[in-house]
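Let's take a walk through this fold together, one stop at a time. Have the sequence and the 3D view open side by side as you read.

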Amino acid sequence: MKALYDLPAPAKLNLFLHITGRRADGYHLLQSVFMMIDWCDTLHVELRSDGGLSREDLTTQLPAEDLILRAARALQQFASPGQGAHIGVAKDVPAEAGMGGGSSDAATCLLALNRLWKLHLPLARLEEIGLALGADVPFFLRGRNAWVEGIGDQITAIDVPAARFAVAKPAEGLETRLIFDASDLNRATPAAIISGFAADSAASGSNSGKSGIAFGHNDLQPVAQRLCPAVSDAIDWLGAQGLSARMTGSGSAVFAAMPHDVELADAPEGWRVRKCSNLAVHPLFGWAAD
């Protein structure tokens, strides 16, 4: 095998995001449900016999040292495969959106190189490498929708009812750091339990197709709306079309469940708007053994 083409790296939505505390080292404690959707980047990975690592941006220009190359380099340094790779990236998931695009790209890169370089590393070892790159990377490596706690390192797979969503990303993005540094960020939401989410998800999914979106809230959203008014504009825009929206992750993208099809027309210039379905599992689920 000399190459792997058309490898998907799906985005995620945070159905809710609670901040429940802050550790002495400054890391925030959170609870969230991460859910994958069918809005994907695409990677193409080819072997290089000279041991070099290179990246080709096929759509959007990425930073010189992005998570994909960092992931490839970390795996190469860990496993010493004696080979390199050339990675083509067709970027489609918007950046600074709270949709995990960069972390998902890194996870797909690790899964692909583990196979292409015939390393046969177990999932747990890939997760160790991924966690050093970003808190969201292990979630994408595991490939199941999940209840996520701690600093993002406690991951419990859950099932989420199949549903459709409208996702709107305004032109403006948001730096995650600015939100977590804000003095007015609520860091004291009481801890929730999985069974509470599961019961709400089952009820809302079967009754209205909202797939758990009514559960909880996003503690980052009020700060994000203050820092980036376009977040409020996007929520209002979906609201004007009869949809109840909230922000995903640290924004600036927002989403709303679509119990029925809605015509999403006349979005402001520069916005990215898409109808998405959630995924039961990552398209590369099972590529690394447990």
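Our first stop is Lys118, which is exposed because its relative accessible area is 52%; exposed means over 50% relative accessible area, buried under 20%, and partly exposed in between, with a 1.4 Å probe and protein chains only. Lys118 is found in the loop between helix 2 and helix 3, and it has a positive phi of about 55° although it is not a glycine. As background, most residues other than glycine have a negative phi, and most peptide bonds are trans.

Before going further, a word on what you are looking at: this is a predicted model, in which local features need pLDDT of at least 70 and side-chain atom pairs count only at pLDDT 80 or more, while totals for chains, interfaces and linings use all residues. Residues are numbered from 1 along each chain as its sequence is written, and side-chain values use heavy atoms, with hydrogens and water left out. Helices (H or I, at least four residues) and strands (E, at least two) are DSSP runs, numbered from the N terminus.

Asp6 also has a positive phi of about 55° although it is not a glycine. Asp6 is found in strand 1, residues 3-22, and it is exposed, with a relative accessible area of 57%. For an unusual peptide bond, turn to the step from Gly251 to Ser252, which is cis, with omega near 15°. Ser252 is found in the loop between strand 8 (245-247) and strand 9 (254-257).

Now back to the helices on either side of Lys118. Two packed helices are described by the angle between their axes and the distance between the axes. The axes of helix 2 and helix 3 (residues 123-133) come within 10 Å and cross at roughly 145°; axes are lines fitted to C-alpha atoms, for helices over the stretch in contact, and angles run from 0 to 180 degrees between N-to-C directions. This crossing is right-handed, meaning that the near helix is turned clockwise from the far one by less than a right angle, whereas an anticlockwise turn would be left-handed. Leu110, Leu111 and Asn114 of helix 2 make the contact with Leu126, Ile129, Gly130 and Leu133 of helix 3, where contact means heavy atoms within 4.5 Å. These residues divide into five nonpolar, two polar and no charged. In this sorting, Ala, Val, Leu, Ile, Met, Phe, Trp, Tyr, Cys and Pro count as nonpolar, Asp, Glu, Lys and Arg as charged, and the others, Gly among them, as polar.

Which residues of helix 3 are buried? They are Leu123, Leu126, Glu127, Ile129, Gly130 and Leu133. Seen down the axis of helix 3, these buried residues fall within an arc of 165°, so they line one face of the helix; the arc is that of the directions from the helix axis to the C-beta atoms. They pack against helix 1 (67-79), helix 2 and helix 4 (137-142).

Helix 2 has another partner. Helix 1 and helix 2 pack at an angle of about 35°, with their axes 8 Å apart, and the crossing is right-handed. On the helix 1 side, Leu67, Ile68, Ala71, Ala72 and Leu75 take part, meeting residues of helix 2 including Ser103, Asp105 and Cys109. The residues of this contact divide into nine nonpolar, three polar and one charged. Ser103 itself counts as buried, at 11% relative accessibility. Leaving aside its neighbours within four places in sequence, Ser103 is in contact with Leu67, Asp136, Val137 and Phe140.

Just ahead of helix 2 in the chain is the loop that holds Lys91, between strand 4 (84-90) and helix 2 (101-116). Is Lys91 buried or exposed? Lys91 is buried, because its relative accessible area is 14%. Beyond residues up to four places away in sequence, Lys91 touches several others, among them Thr59, Leu62 and Asp105. A polar contact of 2.7 Å joins the side chains of Lys91 and Asp41; such a contact is a pair of N or O atoms within 3.5 Å, and within protein one must be able to donate a hydrogen and the other to accept it, with residues adjacent in sequence counting only if both atoms are side-chain atoms.

Our last stop is Asn218, in the loop between helix 6 (194-208) and helix 7 (221-227). Asn218 is buried, with a relative accessible area of 5%. A polar atom of its side chain lies 2.8 Å from the backbone nitrogen of Leu220, and a polar atom of the Asn218 side chain lies 3.0 Å from the backbone oxygen of Met247.
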